[in-house]
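Good morning, colleagues. I should like to take you through one structure today, beginning with its charged pairs and ending at the contact between its chains. Please have the model open before you.

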Amino acid sequence: MVQTDFRNLLILSVVFALVAGCAQLAKMDRSELNHPAMDLSTLPAQARHLTNLGSLKQSGSGGACSVCAH
Amino acid sequence: MRTLGTWLLAFAIASSASAWTNQAYTSMEVEVKRGALDIFDLNRRYGVSTLSEVVGYRAEGIARYFNVDAAITLSQPDYSSVLIRDAQQNEKLLSELAGIRNELSASLGAEYQQGADSVSLIWSGSVSESPYAFQSLEANYRRSFFNQSTQLGMSAIYLRQHAPESYYLDPNFVTKKRPTRINGVEMKLLGEQTLSSKWKVGAEVSLSQRLEERPPHVAIAIKQSYALTSRIFANLQFNYASELRSVSLKDERGYFRNLGGQVGLTVEPWYDVLISAGYGILLEDEEDPRTGRWVQVAGDQYALGLRYRLARLEFRIEAAHVRTNTRVENVSGSGGVRWTL
């Protein structure tokens, strides 16, 4: 019983620390974080030559899939 | 009531017209590639060059919360790298069978953004004839917390695509027809976390499958970017994807797996001029438990890019070179302009 209470308290403390940490991040200077070079969504995808995994739509054009599974 | 609703919507759109941001954009991509027609016979070579151009228009802030994006893509594909086998196993290049010179596709997207929430729906599809004609629908939802320090999102894609008629020999030497209509689905979860004023990390996990063709595969991507100074930025990516071995194979090819990583550096020597360079390595393998066959392809990838913003215009030019141990060589170049009206 005491052990369970202690574990719950520990989990609550970790969750609180995470939320408080993230809330603290919200106040910081974002000039470098908002720079276009920091945008993770624009990082290029790697070209594949055997498998085409990661590309739901496939096209034979450009030799992209001459040796992959079609 | 319906008329009143229509009038209210029209009024909201008209009253916000002055607050819209309009962007016209165009980009062009050229790719030259040399490789092997057959992974098991590297002396059968091909050389192809393709061209595609995108023209689009984006409006942001319609009725305060809506964004729309419409684009048309004109491409000149080269199908001389695709081998088609008939029922008698005679081989022909797809370029000899499909006399198509130009292909046209379009996309139309709508986004609703209010506060920390963003929802979007994007349709894209072939407009003209194509051996790989497709239609797809993508839905996205994203929510940010703590002034965008934490972002969580999910997306789902449904795809319907045609494929040219072709046959293959299965491991028991029985001739089988490949599917000519393929349905594809993908579910993705993504998250992004700011770790400090200079460092952010993102992760993506996806499950996708071309249903009639392949077993499902799981893909994981971890991305990071770090501001070394206010003008020098580094990024690092790690990717892993693997088809599920618990699902049986649907054609003559084995289970695929990818493992890759890339690093990049972006420098801003003058205000709004961004020069970037990158290097990546990718290992791909195919394992077929029915025959015991195992194939591995590894490739080095190099990339250079330049971005420049001049008043309302943003220019972009990129070049990439790839070389694999199977003597695939790929040089590609692309460039584009985005004009905020």
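**Salt bridges, interface and core**

B:Glu60 forms a salt bridge with B:Arg58, with the closest N and O atoms 2.7 Å apart; a salt bridge here is a side-chain nitrogen of Lys or Arg within 4 Å of a carboxyl oxygen of Asp or Glu. Let me state the ground rules: this is a predicted model, in which local features need pLDDT of at least 70 and side-chain atom pairs count only at pLDDT 80 or more, while totals for chains, interfaces and linings use all residues. Residues are numbered from 1 along each chain as its sequence is written, chains are lettered from A and ligands numbered from 1 in the order in which they are written, and side-chain values use heavy atoms, with hydrogens and water left out.

Returning to that pair, B:Glu60 is partly exposed at 27% relative accessibility, whereas B:Arg58 is buried at 18%. The terms are these: buried is under 20% relative accessible area, exposed is over 50%, and partly exposed is in between, with a 1.4 Å probe and protein chains only. Through shared partners, salt bridges join B:Arg58, B:Glu60, B:Asp69 and B:Glu111 into one network.

A further salt bridge is formed by B:Arg253 and B:Glu286, where the closest N and O atoms are 2.7 Å apart. The pair links distant parts of the chain, 33 residues apart: B:Arg253 is in the loop between β15 (232–243) and β16 (255–267) of chain B, and B:Glu286 is in strand β17 (residues 273–288). Strands are DSSP runs of E, at least two residues long, and helices are runs of H or I of at least four, numbered from the N terminus. Both B:Arg253 and B:Glu286 are buried. Over all chains, the structure holds 22 salt bridges.

How many salt bridges does the rule find across the interface of chain A and chain B? The rule finds one. A:Glu32 forms a salt bridge with B:Lys198, and their closest N and O atoms are 3.2 Å apart. By class, the side of chain A that touches chain B has 22 nonpolar, 13 polar and five charged residues. For this purpose Ala, Val, Leu, Ile, Met, Phe, Trp, Tyr, Cys and Pro count as nonpolar, Asp, Glu, Lys and Arg as charged, and the others, Gly among them, as polar.

Between them, chain A and chain B bury about 4,900 Å², 59% of it on carbon and sulfur atoms; buried area is the accessible area (1.4 Å probe) that two parts lose on being put together, summed over both. In chain A, the residues that lose the most area to chain B are A:Leu40, A:Gln46 and A:Leu56, together 16% of what that side buries.

A:Gln46 merits a closer look. This residue lies in the segment after α1 (2–25) of chain A and is buried, with a relative accessible area of 5%. Its side chain joins that of B:Asn239 in a polar contact of 3.0 Å, that is, a pair of N or O atoms within 3.5 Å; within protein, one must be able to donate a hydrogen and the other to accept it, and residues adjacent in sequence count only if both atoms are side-chain atoms. The side chain of A:Gln46 also reaches the backbone oxygen of B:Ile281 at 3.3 Å.

Finally, the largest nonpolar core has eight residues, including A:Leu50, A:Leu53, B:Ile39 and B:Phe256. Such a core is a set of buried Ala, Val, Leu, Ile, Met, Phe, Trp, Tyr and Cys residues joined through side-chain atoms within 4.5 Å.
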